[in-house]
Amino acid sequence: MTAKMIDMPSGARDIIDALMSRGFEAYAVGGCVRDSLMGRVPHDWDVCTSARPCDVRDALGARYPIIPTGEKYGTLTVSADGETFEVTTFRGDGAYSDGRRPDSVTFSDNLADDLSRRDFTMNAVAYNPRLGLADPFGGAEDIRRRVIRTVGAPRARLAEDALRIMRACRFASELGFSLDPDTAAAVKALAPTLANVAAERISAELIKLLMGSHVEHVLNAHREVLFAAVPPLAALDCLEQNRHHFLDAYRHTARVVAASPPVPEVRMAALLHDVGKAACRTVGADGDVHFYGHAEISAETADALFAKELRFSGDFRKRVLLLIRHHNAEIAETGANVKRWLARLGEPAFRQLLDLNAADAAGHADMARERREAKTERLRLLLDVVIASKDCFSLQSLDINGHDLIAAGHEPGPQMGRLLRALLSAVIDGKCDNEKSALLRYSTQI
Ligand code: ATP
Ligand code: MG
């Protein structure tokens with residue numbers, strides 16, 4: 001490995017030079033080195049150093065703004081040349097007694113200690129422009145072979161921090177790498193211990209896993225991990241469907257996730273859209289399998305999951321639940337009906353719903369797929385026509401508001417919202433023009 005092989009942003013280079021000129025060791029480390037070795041552009045650069053946080057301040061503080069992001073754990077964020085860099089003192093972690101976080105963080109003077117506590121060989125690589133690559137665990141070779149392998153004994157390393165089980169699958173999904181057989185066996189055996197990991201940490205890795213371009217393979221190949229992270233998915237495993245399907249409910253789910261656009265709420269909705277199917281599977285007199293009401297049950301199951309095992313913002317939850325709840329709705333193909341859906345969901349969520357429908361179609365058997373795909377395509381065209389027409393489909397674009405109605409003698413209060421929505425419906429249904437005097441007249445008749 002020659003010094004030229006990794007192209008570093010000038011800010012990272014300056015930070016490393018400044019630390020070295022004070023006699024400290026400093027390296028770019030982890031994901032940025034891995035991505036550079038793979039020919040991918042790193043999204044951020046982390047630096048590790050023998051300097052303690054106070055020494056990092058002394059060496060860099062006069063030149064660069066420093067944000068104390070995790071000083072206790074040895075991390076300072078340094079802003080240099082328009083970018084920010086996390087600069088972290090070499091660490092040799094203490095014991096892990098709860099399988100989650102190290103009981104204590106101990107600093108080290110030694111790069112080897114720091115690399116040996118990292119999760120996978122591909123991430124336990126460091127690079128210094130003058131000294132070249134530091135790769136004590138064969139990370140570069142594993143990257144070349146496209147293999148994810150723990151640093152050290154897989155079971156021990158995964159038991160120390162069970163989140164690594166999820167991270168192994170997340171990297172497999174993002175990078176298209178496979179798990180080394182010993183690491184894969186330990187991942188499978190220890191998957192249930194993910195239950196001890198904080199919901200926030202699992203959720204962050206789950207989103208990254210879902211966004212990966214190899215997600216379908218990972219969901220199928222490492223299903224034990226998904227069932228531990230998202231327990232209700234286990235009920236879909238091998239769940240036989242009906243003649244509209246060629247995949248069982250779990251494999252169908254994996255296909256729909258992969259066919260969805262890489263937008264976090266759409267992929268999460270895809271993962272959970274059928275999660276209530278096991279609970280409402282019935283077999284009719286004709287022998288056909290039905291899942292009546294499964295969209296609502298799936299939304300309820302997802303809601304309970306978001307309250308317990310996973311943790312996302314209220315806004316994200318709301319958007320995901322909306323998509324799940326409506327994913328199986330029969331949307332009539334008329335302009336007025338499309339406007340009604342627009343009034344209910346807003347344009348971005350309605351477009352996401354159609355994206356989810358298209359992905360869902362891709363997971364169906366031939367006839368059902370073609371019918372669903374064609375219908376979604378027609379609805380998209382109709383939606384474009386409605387939007388281009390600039391016709392009214394929202395309270396904001398109604399030519400009347402609460403103040404106008406109060407001025408005309410209507411009582412303020414909750415009934416005002418109902419009245420405005422009724423006026424919007426009348427406009428959408430063509431019963432009243434979107435024009436203030438017509439709306440005022442109409443408001444006296446309802
Ligand atoms: P990404 O490109 O997604 O940011 P990354 O490898 O930089 O990937 P991070 O989550 O940003 O991943 O973590 C930075 C580095 O810290 C990793 O490369 C790895 O060396 C180390 N690391 C992160 N989480 C763990 C963990 N749970 N156990 C051990 N090492 C970890
Ligand atoms: Mg990173």
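A backbone N or O atom of Asn-123 lies 3.4 Å from an oxygen atom of ligand 1 in this predicted model. Two further residues, Gly-31 and Arg-167, also have a polar atom paired with an oxygen atom of the ligand, and the three pairs are set out below.

| Residue | Protein atom | Distance to an oxygen atom of ligand 1 |
|---|---|---|
| Asn-123 | backbone N or O atom | 3.4 Å |
| Gly-31 | polar backbone atom | 3.4 Å |
| Arg-167 | polar side-chain atom | 2.9 Å |

Taken on its own, ligand 1 has 590 Å² of accessible area, and the protein covers 81% of that area. The space that the ligand takes up is the largest pocket of the model.

**The shell around the ligand**

Ligand 1 is surrounded by 13 residues, and the closest of these are Arg-34, His-43, Asp-161, Arg-164 and Arg-170. When the residues of this shell are divided by character, eight are charged, four are polar and one is nonpolar. Two helices, H2 with residues 31-38 and H7 with residues 163-175, each supply at least two residues of the shell, and the largest share, which amounts to four residues, comes from H7.

**Position between the domains**

Why does ligand 1 lie between domain 1 and domain 2? Both domain 1, which spans residues 1-145, and domain 2, which spans residues 147-229, give residues to the shell around the ligand, and therefore ligand 1 lies between them.

Note on methods. Residues numbered from 1 in each chain as written. Chains lettered and ligands numbered in written order. Predicted model: local features only at pLDDT ≥ 70, side-chain atom pairs only at ≥ 80, totals over all residues. Heavy atoms only, no water. Near = heavy atom within 4 Å. Polar contact = N/O pair within 3.5 Å; in protein donor to acceptor, adjacent residues only side chain to side chain. Areas by Shrake-Rupley, 256 points an atom, 1.4 Å probe, with all protein chains shown as cover. 1 Å grid on protein atoms, 1.4 Å probe; cavity = no way out; pocket = protein on both sides within 12 Å on 5 of 7 lines; lining within 4 Å. Sits in = over half its atoms within 2 Å of the grid points. Nonpolar A, V, L, I, M, F, W, Y, C, P; charged D, E, K, R; others polar. Domains from an automatic or database assignment.
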